[in-house]
Amino acid sequence: MVDNHMLSEEEARVLYEAHSPYVYGIALMLTRSPAIADDIMQETFLRVFQKYHTYDPSRPLRPWLYRITVNLVKSTMRKQKWLLFQDTLPERHDGNTLEDGIVRNEGERELWEAVHALTPKRREVIILHYYAGLTLPEVASVLRIREGTCKSRLHEALKQLRQSGVTTAKGFSCKEEMQ
């Protein structure tokens, strides 16, 4: 069911304030570039506001937002393939920004590096499931893959992270949820 409801300016502001940090975080983790993540976040919300009338309010909002975000990231990465081979962490800035929070201590930095050593497909599943908090069926829907494929990618990603030692050395718990 599609609602033909258009967003008011106030509804758009509330939606943006509630979800922009998470959209930015997903984009940052997938692109590893604060500037590109910011552009993707802005483009995501432009599309959300333009296409809100196609959103089905009987379904959760965040998976819809993340699908738009992931599609924009993939499109951007195809256009700028060199980013996939970038071997550095996101740029660090002075101030209290989201990326500073993500890499605030050495354990998190090591985990960040281990996650970014994963293949892009495995990394997407880890980020959407653990960072964005989506269920595996929601991750599968966002990525437009079968749930079995999603579970397989999660399993392989967790196996690789465990083998790297970062999950046990820093007290990080990667428990696999097969729902």
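This tour visits one helix, the helix packed against it, and a single threonine elsewhere in the predicted model.

**Helix H8**

Begin by selecting residues 147-164, which form helix H8. The 18 residues of H8 reach 26 Å from the first C-alpha to the last, close to the 26 Å expected at 1.5 Å a residue. Next, display the side chains of Cys150, Arg153, Leu154, Ala157, Leu158 and Leu161, which are buried in H8. They lie on the same side of H8 because they cover an arc of only 130° around the axis. Then step past the end of the helix to Gly165, which follows H8 and has a positive phi, near 85°.

**Helix H6 against H8**

Keep H8 displayed and add residues 120-131, helix H6. The two helices pack with their axes 9 Å apart, at an angle of about 95°; H6 and H8 are therefore roughly perpendicular to each other. To view the interface from the H6 side, select Lys121, Arg122, Val125, Ile126, His129 and Tyr130. Their partners in H8 are Cys150, Arg153, Leu154, Glu156, Ala157, Leu158, Gln160 and Leu161.

**Thr76 in helix H3**

Finally, move to helix H3, residues 61-79, and centre the view on Thr76. Is Thr76 buried or exposed? Thr76 counts as buried because its relative accessibility is 18%, and the cut-off for buried is under 20%. Show the backbone of Leu72 as well: the side chain of Thr76 reaches the backbone oxygen of Leu72 at 2.8 Å. To complete the surroundings, add Ile36 and Ile40, with which Thr76 is in contact when its neighbours within four places in sequence are left aside.

Conventions. Residues are numbered from 1 along each chain as its sequence is written. This is a predicted model: local features need pLDDT of at least 70, side-chain atom pairs count only at pLDDT 80 or more; totals for chains, interfaces and linings use all residues. Side-chain values use heavy atoms; hydrogens and water are left out. Helices (H or I, at least four residues) and strands (E, at least two) are DSSP runs, numbered from the N terminus. The expected span of a helix is 1.5 Å times one less than its number of residues. Buried means under 20% relative accessible area, exposed over 50%, partly exposed in between (1.4 Å probe, protein chains only). The arc is that of the directions from the helix axis to the C-beta atoms. A polar contact is a pair of N or O atoms within 3.5 Å; within protein, one must be able to donate a hydrogen and the other to accept it, and residues adjacent in sequence count only if both atoms are side-chain atoms. Contact means heavy atoms within 4.5 Å. Axes are lines fitted to C-alpha atoms, for helices over the stretch in contact, and angles run from 0 to 180 degrees between N-to-C directions. Angles under 35 degrees count as roughly parallel, over 145 as roughly antiparallel, 65 to 115 as roughly perpendicular and the rest as oblique.
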